[in-house]
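Hi everyone, thanks for making time this morning. I'd like to walk you through one model, so please have the viewer open.

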Amino acid sequence: MTSSGAARRGDVFDPGCPTRRLLDRVGTKWTSMAVKVLAEAAPGEVRFGELRRRMPGISQKMLSVTLQSLVRDGLVARRVEPTVPPCVHYRLTELGLSLEVPLAALRAWAEEHMAEVERNHLQAAGQGGNNGRVPVE
């Protein structure tokens, strides 16, 4: 916040800007998948086990770490039922819901262009020498 009370906008090109850390957190495949599953249930909640079933390949630990990060950032709300064992429910906050549109666009782009990018990657790797890396000038 600035002295006037208005939020300061980030600048991703500033090496010290926290926007870079935020992009690291929200730009992962697991975050994108979790936000999608929770957005489909909105405004309802999804239990931890259901999230894990709907996100093939994610480990219990990775899902837990991903959800903790989303809760800490205010993108997801967590509710624990005092049962044995406890039932934990998650839902997107308004801020989290606002993230679904840009993440959906990124997922759609990736799904549409995946084959072309993979072909390019394999072609570059097959050219030897630089192992698919772009030379640094």
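Let me start with a cut-off: a residue counts as buried when its relative accessible area is under 20%, as exposed over 50%, and as partly exposed in between. With that in hand, look at Cys17, which at a relative accessible area of 4% is buried. Cys87 is buried too, at 16%. Do keep in mind that this is a predicted model. How many disulfides does a search of the whole structure find? Zero.

Now let's step back to the overall layout. The protein has five helices and three strands. Going along the sequence, you meet them in the pattern α-α-β-α-α-β-β-α. There are 137 residues, and 24% of them count as buried. For those of you who like contact maps: if you take contacts between residues at least 6 apart in sequence, 40% of them join residues at least 24 apart. As for surface, about 9900 Å² is exposed, and carbon and sulfur atoms supply 57% of that.

On to the strands. Please find strand β3, residues 87-92. Five of its six residues are buried, so by the 20% cut-off this strand is mostly covered. Cys87, at 16%, is one of the buried residues. Which strands does β3 pair with? Strand β1, residues 46-47, pairs with β3 in the antiparallel sense, over two bridges. In that pairing, Arg47 has His89 of β3 as its bridge partner. Strand β2, residues 76-81, also runs antiparallel to β3, and six bridges join the two. If you want one pair to click on, Val76 stands opposite Leu92 in β3. The connection from β2 to β3 is a hairpin through five residues. A general remark while we are here: in a regular strand the side chains alternate between the two faces of the sheet.

Next, charges. Side chains of opposite charge can pair when their charged atoms come close. In this structure there are seven salt bridges, and I'd like to show you some of them.

Let's begin with Glu40, whose side chain meets that of Lys36 in a salt bridge at 3.0 Å, N to O. Why do these two sit about one turn apart? Because Glu40 and Lys36 are four residues apart in helix α2, residues 29-41, they are separated by about one helical turn. Lys36 is partly exposed, with 35% relative accessibility. Glu40 is partly exposed as well, at 48%.

Glu40 has another partner: Arg54 forms a salt bridge with Glu40, and their closest N and O atoms are 2.4 Å apart. This pair links distant parts of the chain, with Arg54 in helix α3, residues 48-54, and Glu40 in helix α2, 14 residues apart. Arg54 is partly exposed, with a relative accessible area of 35%.

Finally, swing over to Glu100 and Arg107, whose side chains meet in a salt bridge at 2.7 Å, N to O. Are these two buried or exposed? Glu100 has a relative accessible area of 16% and Arg107 has 14%, so under the 20% cut-off both residues are buried. Back at Glu40, salt bridges that share partners join Lys36, Glu40 and Arg54 into one network.

That's my tour. Thanks for listening, and I'm happy to take questions!

Technical notes. Residues numbered from 1 in each chain as written. Predicted model: local features only at pLDDT ≥ 70, side-chain atom pairs only at ≥ 80, totals over all residues. Heavy atoms only, no water. Disulfide = S-S within 2.5 Å. Buried < 20%, exposed > 50% of the residue type's maximum accessible area, 1.4 Å probe, protein only. Salt bridge = Lys/Arg side-chain N within 4 Å of Asp/Glu carboxyl O. Pairing = 2+ DSSP bridges. Contact = heavy atoms within 4.5 Å. Areas by Shrake-Rupley, 256 points an atom, 1.4 Å probe, with all protein chains shown as cover.
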